[in-house]
Amino acid sequence: MGEPAFDPAAPLTPTGNLRRRRAVSRVAESGATLGAAIAVAVLGIVVYSVFVHGVSALSLDFLLEGEPDGIGPALVGTAELVLIATLIAMPIGVLVAVYLVEFGGRLAAPIRLTLDVMNGYPSIIVGVFIFALIVEATHKQSAIAASIALAMIMLSIIARGTEEVLRLVPDAMREAAAALGVSRWRAVLTVILPSAMGGIATATILGVARAAGETAPLILIDSVWDGSHVSLDPLGPVPNIPVTIYKLSEEASPEGFARAWGAGFVLLFLIMLANVGARVLLARSRRRMAP
Amino acid sequence: MSSATSPAAPGAARPAARRSRDWRRTFDRFGDGALYGVCALAVAIAVGALALSAYQVFDHASPAISKFGLGFLTSAEWQPNFDVYGAGTLLYGTLVSSFFALLIGGPIAISIGLYLSLLAPKGVRGVVSPLVEMLAAIPSVILGFWGLILLAPFVQQHVEPFLHDNFGFIPLFGAPQTTGASVFTASLILTIMVIPIIASISRDLFLAVPRDVQDGASALGATRWEVVRGIVLPTTAPGVIAASLLGLGRALGEAIAVSQLIGAGEKIDVSLFETGDTLAARIANQFPGAITEMHKASLYYCAAILLAIVLASNLGAQWIGRRFDYRRMAE
C-alpha cells in the first residue's frame, strides 16, 4: 500500500487509511444500533397504538357483556379453548421431553427434528389438517377440535422448553438417586420433574401465550358462533377473541373497528403479561438451579 | 425408600422385609416400564400427528391433484364459478412477499443481533433483547389489524408515492393504488414477523463466537467492523443462513395478517403496489366458504404446496444448522 519505511520514531497518529477504517467501523456500529432501535420502535408503535385505541373502547360492560356491546363470551371461550389445549399438550409435551432426556438414545435426533419441524409448521396447515380430520368427519365445528389444533401448536414449545430445563438438572442428582437404589421412574417423578417445575411452567405459559392469539386454525374450525351469550359446550363452536378481531377487521365499520381495538388490547395485554411472567419465572428457576 | 436405603439387612432372617423388597422390585420394574411406555406413547402421538397431518392434506388434495396435475402450479386461473383452479398467482404472491420480507428484515435482524451481542452495554442488552423477542409474541391478527388501520394508509399515502416518484423506473415500484392493501404492505408486516426470529438466533450465534479470536484480531489492529466482517460473520454464516430460512418459513406460512393486508388480488402484477394473494391467505379466506368439492380439494392442494415449501425451507435450515454444529465441534 505504498507505506513509507517503518520509522520507530514516528508518532502514533492515524494516517488517512486508518481514519477511513475507523469511519467505516463507526458507520457500521451506528447501523447496527439503528437496526435495534427500529425493532424497539416498531414494537413501541404497535403496542402504543393498540393501547391508545383500545383503552377508549374499554369498560366493565365491554369485558362482561356479549355482542354487540362487549366481548365477554369470547373471553370465556378463548379461556376454555386454551385450557383444554393446555390439558392436552402439557402432559404430552412433558412426556416427550422426559423421553428425549431420559431414554433418548438413537431416536432422540429424529424426534427433536420432528419437534423443530412442528414448531415451524404454518398454523393454517394445522387448521386444514384438523378440519379434514375432525370437522369433516363430524360435520360441525367444535371447541374440542379447535383445542386439539391449538394443542398441536403448543406441543413443540412445551416439549423443547421442558427438555431444555431437564438438561439443566444436574447429573449428580440422577446419580445420587440411583446410588440410593431409587428406581428410574421414581427418580423422574420425585426428583427430576419437581426440580424442573419452574421451567416446565415457563414453557407452558409461553405455549399458552402463543395459542391464545392463534387465529388461522380457528377460522376454519371454530368461527361460526353467536357471540351474544356465553357457550361452553366443547362439542360445539365457542366464541373466541382472535376470530372476533378478524371478523371485525373484515367488516370495515368504524364502531366495529373500535371494538376490534378493544378486543386486541385485551388479548395483547394478556399475552404480554404471560410473556413477562414466563420470563420472571424462568429467571427465578434458573437462579435456583445454578449452583 | 427406607428399606432400599438401609444397610444390607440379614435378608434370610427377615422374610417379611424380603417379601416387601421383592414386591417393591417388581413394582419398580413395572413402574420403569410404564414410564417408558407412557413417554414413548407421547412421542408416538407427536410424531404421528405430524405424519398424519401431511397425509391428510395430500389425501384430501388428491381430486384436485389428479384433475389439474402439476399445471396447477403455473396456471393463474382461479375461478370458483367455473370450478377451474390454478395456484400460479398464489405461488407467485407467496414467494414474492416472503422474499421481500426477508430482503428487508434479514439485514435489520442481523444488525440487531450484532448490536445485542457485540455493542450493547449489558444493561441495555438485558432490556432490548426481551423487547425484540416480545415482537414475536404479538398475535398475527393484531399485527394485521394494526397494519390494516394504520400502516396501510401511511404506506399508500407516503411510502408508495415516494418510491414510485424516485424509483419508478424500476417496474416493481408501479403507481400506488387507492387502498393501501398491496403485496408491499403485506411484505412489511411479514418483515416485522421475521425480524425477531432471525435476530434472536443470530444474537445467540454471535455470542458463541470465541472471544479470544476476536480479541486477537483487535490486538492486530482490526477495527470493530473488521472483526465483525473478518471473523464474526464468516464463522457464523451458515447459522445465519439457517436462521433466515427459519424466518422465511414463518413468512411463507403466515395466513391471517397477509389476508388482511394483501387485498386478495387475482392476477400476477410486477408492481409490488398492486394487490396479490398468497397460498396461506387464500386458504384462510376461502376455505370456510368453499362449497364445491373441487374448490375445497384445490384449497387442500394449495395447503399441500405450502406444506412442501415450508418443510423444504425448515429442513434446509435444520440441515445447514446441523452441519454447522459438526464443523464447530471438529474445531
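In this predicted model, B:Arg203 and B:Glu133 form a salt bridge, with their closest N and O atoms 3.0 Å apart. B:Arg203 belongs to helix H6 (residues 183-208) of chain B and B:Glu133 to helix H4 of chain B, so this pair ties together parts that are 70 residues apart in sequence. The two partners do not have equal access to the surroundings. B:Arg203 has a relative accessibility of 10% and counts as buried, because the limit for that class is under 20%. B:Glu133 is partly exposed, with a relative accessible area of 26%.

B:Glu133 also takes part in a salt bridge with A:Arg279, where N and O lie 3.1 Å apart. Which helices does this pair connect across the chains? A:Arg279 sits in helix H12 (residues 254-289) of chain A, and B:Glu133 sits in helix H4 (residues 122-135) of chain B. A:Arg279 is partly exposed, with a relative accessible area of 31%. B:Glu133 thus has a salt bridge to B:Arg203 and another to A:Arg279. As a general point, side chains of opposite charge can pair when their charged atoms come close.

From this pair the view widens to the interface. Between chain B and chain A there are three salt bridges, and 15 residue pairs are in polar contact across the interface, both residues being at pLDDT 80 or more. On the side of chain B that touches chain A, helix H2 (residues 15-68) of chain B gives the most, with 23 residues. That side of chain B is made up of 57 nonpolar, 14 polar and eight charged residues.

How many residues of each chain are in contact? The count is 79 residues of chain B with 75 residues of chain A. About 6900 Å² is buried between the two chains, and carbon and sulfur atoms give 78% of this area. B:Leu50, B:Met134 and B:Phe145 supply 9% of what chain B buries against chain A, more than any other three residues.

Residues of both chains also appear in the nonpolar core. The largest such core has 180 residues, and among those with the most contacts inside it are A:Val96, A:Ile124, B:Phe72 and B:Ile138. Leaving aside residues up to four places away in sequence, B:Ile138 touches A:Leu43, A:Val46, A:Leu268, A:Met272 and B:Leu143.

B:Thr223 offers another place where the chains meet. This residue lies in the loop between helix H7 (211-219) and helix H8 (224-253) of chain B. Is B:Thr223 buried or exposed? B:Thr223 is buried, with a relative accessible area of 10%. Not counting residues up to four places away in sequence, B:Thr223 touches A:Arg21, A:Arg22 and A:Ser25.

The remaining charged pairs complete the picture. Over all chains the structure holds 16 salt bridges. One of them joins B:Asp277 and B:Arg282, whose closest N and O atoms are 2.8 Å apart; both B:Asp277 and B:Arg282 are buried. In chain A, salt bridges link A:Arg112, A:Asp116, A:Arg160, A:Glu163 and A:Arg167 in a network.

Methods:
Residues numbered from 1 in each chain as written. Chains lettered and ligands numbered in written order. Heavy atoms only, no water. Contact = heavy atoms within 4.5 Å. Buried area = accessible area lost by both parts, 1.4 Å probe. Salt bridge = Lys/Arg side-chain N within 4 Å of Asp/Glu carboxyl O. Polar contact = N/O pair within 3.5 Å; in protein donor to acceptor, adjacent residues only side chain to side chain. Helix = DSSP H or I, 4+ residues; strand = E, 2+ residues; numbered from the N terminus. Nonpolar A, V, L, I, M, F, W, Y, C, P; charged D, E, K, R; others polar. Core = buried A, V, L, I, M, F, W, Y, C linked by side-chain atoms within 4.5 Å. Buried < 20%, exposed > 50% of the residue type's maximum accessible area, 1.4 Å probe, protein only.
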